[in-house]
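Biologist: Before we use words such as "buried" or "salt bridge", could we go through what justifies each of them?

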Amino acid sequence: IKAIGISEDINAQKQLEIRYEEEEKYHLALMEDMVACHKYNLTRNCIYKNTNRLIGEMEELPITYQEGFKEAAARFVDAEEKQEFLASFNYEYLLKEFHAGNHSHTIEYRRADDAGKIIWVLAKVNLMRHSKNDEIYAFIYIKDIDRKKKQELSLKERAEKDDLTGMYNRRTMESMLESMTKNPLKKSNCSAFVLIDISNLK
């Protein structure tokens, strides 16, 4: 009688499986509090739509990842943020980030809410490989940070500008000039520095 035993280290595979399942549960739990939650299969270049929030059923949509994000940018994203939005969620860029070991990515931008009002949001992307089919997925969560962001911008403006004139204070101007002189200007940009001495300004 002979017995042959074979052992296999499945620790890494099990960890992938647990991590993916945890992300699925996290995705479902967050859906009630988010502006939007999305799931994408980057390997197959497809989008999933949640059809039942209670049990987390997902339906594949007949649209590619690139098409979906271009449509989202056109419908929801503020004009000034569209270029950065598309670059940050670019299909090839996310795959490159994943293979480079960068599995989490965030961006703040302005978008329209359901009522058409422009608000600040924070988008967080979690990238991971499915434990069973080895495909790469992106879970994207979009959170309303409008009140917090506006408070931050208000404090920043008060710190940078003079209360009386509304112009940048000396410290801010020196920082801006230093940045301009250190960084090469783009050919499409034109800048000028004007120094005006206004006597008896009160």
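Modeller: Let us begin with Glu80, keeping in mind that this is a predicted model; the relative accessibility of Glu80 is 67%, and since exposed means over 50%, Glu80 counts as exposed.

Biologist: What makes Glu80 and Arg110 a salt bridge?

Modeller: The closest N and O atoms of Glu80 and Arg110 are 2.9 Å apart, and the rule asks for a side-chain nitrogen of Lys or Arg within 4 Å of a carboxyl oxygen of Asp or Glu, so the pair qualifies as a salt bridge. Glu80 sits in the loop between H2 and H3 while Arg110 belongs to strand E4, 30 residues apart, and the pair thus links distant parts of the chain.

Biologist: Why is Arg110 called partly exposed?

Modeller: Arg110 has a relative accessibility of 21%, and because buried means under 20% and exposed over 50%, Arg110 falls in between and counts as partly exposed.

Biologist: Is Glu81, which also meets Arg110 in a salt bridge, buried or exposed?

Modeller: Glu81 has 9% relative accessibility, and as the limit for buried is under 20%, Glu81 counts as buried. Together with Asp78, the residues Glu80, Glu81 and Arg110 are linked in a network of salt bridges.

Biologist: And how do you know that the buried residues of helix H4 line one face?

Modeller: Those residues are Tyr91, Leu94, Leu95 and Phe98; seen down the axis of H4, they fall within an arc of 100°, so they line one face of the helix. What covers them includes helix H2, helix H3, strand E5 and strand E6.

Conventions. Residues are numbered from 1 along each chain as its sequence is written. This is a predicted model: local features need pLDDT of at least 70, side-chain atom pairs count only at pLDDT 80 or more; totals for chains, interfaces and linings use all residues. Side-chain values use heavy atoms; hydrogens and water are left out. Buried means under 20% relative accessible area, exposed over 50%, partly exposed in between (1.4 Å probe, protein chains only). Helices (H or I, at least four residues) and strands (E, at least two) are DSSP runs, numbered from the N terminus. The arc is that of the directions from the helix axis to the C-beta atoms. Contact means heavy atoms within 4.5 Å.
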